[in-house]
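Please open the model in a viewer and keep the sequence panel visible. The stops below proceed from the whole chain to single residues, with a selection proposed at each.

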Amino acid sequence: MTPTDAEIIERSRHEPDAFAAIFDRHAPHIRRYLARRLGDQVADDLVAETFLAAFDKRRRYDRARPDARPWLYGIATNLVGRHRRQEARRYRVVPAEPADLDHAERVAAEVTAHAARSLLVGALGGLSAEDRDVLLLVAWEQLAYEEVAAALAIPVGTVRSRLHRARRKVKQALGGQNPTEVEELLSNG
């Protein structure tokens, strides 16, 4: 019988190497989520940080929860927020210089800017960080409301209200397009 995540985490308290099984089970999912949120380059670093933080906090893990994914998504989401805050501070201090981009990067940036997804990016950018986290955990990671609540340490009712608000705002930003179609677009990367 395959041990639950909770059983593995408990065992890792005395056998630290056992925690590698948690990484093996969930790292690909956490990496995919982080890559969608921040890009491939940053995702690898934050996957490592996510599991280091999880390893350090494993003694506080709620063993009543057999699946560690919501806990890991919560750690990853917190790291996304921290990364964005650091990035925003860095960009305020050092303004971006367009001359730093080579031709290929400028062309890629222009194509990207004109792609249909620009509307979606704008819509997502208009959401609060809290609403965006809930929407993306539901749309990309297909977490249940209860799992999102556990990941973000908020009540299920708050998940529902944030998701409702996020869907409404995205719908408005997209000119009335059905938010379910937006979530399908989001879930496809």
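## The whole chain

Begin with the complete chain: among its contacts with a separation of 6 or more, 63% join residues 24 or more positions apart, a contact being heavy atoms within 4.5 Å. The model is predicted, so local features need pLDDT of at least 70 and side-chain atom pairs count only at pLDDT 80 or more, while totals for chains, interfaces and linings use all residues. Residues are numbered from 1 along each chain as its sequence is written, and side-chain values use heavy atoms, with hydrogens and water left out.

Colour by secondary structure next. The protein chain has 10 helices and zero strands; helices (H or I, at least four residues) and strands (E, at least two) are DSSP runs, numbered from the N terminus.

Then display the surface. About 11100 Å² of the protein chain is exposed, and carbon and sulfur atoms supply 53% of that area; accessible areas come from the Shrake-Rupley method with a 1.4 Å probe, and for residues only the protein chains shown count as cover. Of the 189 residues, 37% count as buried. Here buried means under 20% relative accessible area, exposed means over 50%, and partly exposed lies in between (1.4 Å probe, protein chains only).

## The nonpolar core

Select Ile30, Leu34, Phe51, Trp71, Leu72, Leu137 and Val148. These residues have the most contacts inside the largest nonpolar core, which has 47 residues. A nonpolar core is a set of buried Ala, Val, Leu, Ile, Met, Phe, Trp, Tyr and Cys residues joined through side-chain atoms within 4.5 Å.

Which helices each supply at least two residues of this core? They are α1 (5-12), α2 (20-38), α3 (40-57), α4 (69-93), α6 (117-125), α7 (129-139), α8 (145-152) and α9 (156-173). The core draws at least three residues from each of domain 1 (1-98) and domain 2 (110-188), where the bounds come from an automatic or database domain assignment.

Centre the view on Phe51. Apart from residues up to four places away in sequence, Phe51 touches Phe19, Ile22, Phe23, His26, Ala27, Ile30 and Leu72.

Move to Ile8, in helix α1. Ile8 is buried, with a relative accessible area of 2%. Neighbours within four places in sequence aside, Ile8 is in contact with Pro3, Ala18, Ala21, Ile22 and Arg25. Ile22 is thus a residue to keep displayed, as it is among the contacts of Phe51 and among those of Ile8. A distance label may also be drawn from Ile8 to Arg63: these residues are 55 apart in sequence and 9.9 Å apart in space, C-alpha to C-alpha.

## α7 and the second largest pocket

Select α7, in which nine of the 11 residues are buried. The buried residues include Asp131, Arg132 and Asp133 as well as Leu135 and Leu137.

Where does α7 meet open space? α7 and α4 each supply at least two residues of the lining of the second largest pocket. Of the 14 lining residues, Thr77, Gly81, Arg85, Ala129 and Asp133 lie nearest the centre of this pocket. α4 gives the most to the lining, with six residues. The volume is about 270 Å³.

On a 1 Å grid over the protein atoms alone, a pocket is an open set of points where a 1.4 Å probe fits, with protein on both sides within 12 Å along at least five of seven lines; lining residues have an atom within 4 Å of a point. Grid points are joined across faces, edges and corners, and a volume is the space filled by probe spheres set on the points.

## α6 and the loops

Select Leu119 and Leu124, which lie in helix α6. Leu124 is buried at 11% relative accessibility, whereas Leu119 is exposed at 56%. Between C-alpha atoms, Leu124 is 9.2 Å from Leu135, and Leu119 is 7.7 Å from Ala173.

Gly126 follows, in the loop between α6 and α7. Its relative accessible area of 55% makes Gly126 exposed. The C-alpha atoms of Gly126 and Lys169 are separated by 7.9 Å, at 43 residues apart along the chain.

Finish with two backbone angles. Gln142, in the loop between α7 and α8, is not a glycine yet has a positive phi of about 50 degrees. Ala153, in the loop between α8 and α9, has a positive phi near 55 degrees. Gln142 is exposed at 62% relative accessible area, and Ala153 is exposed at 71%.
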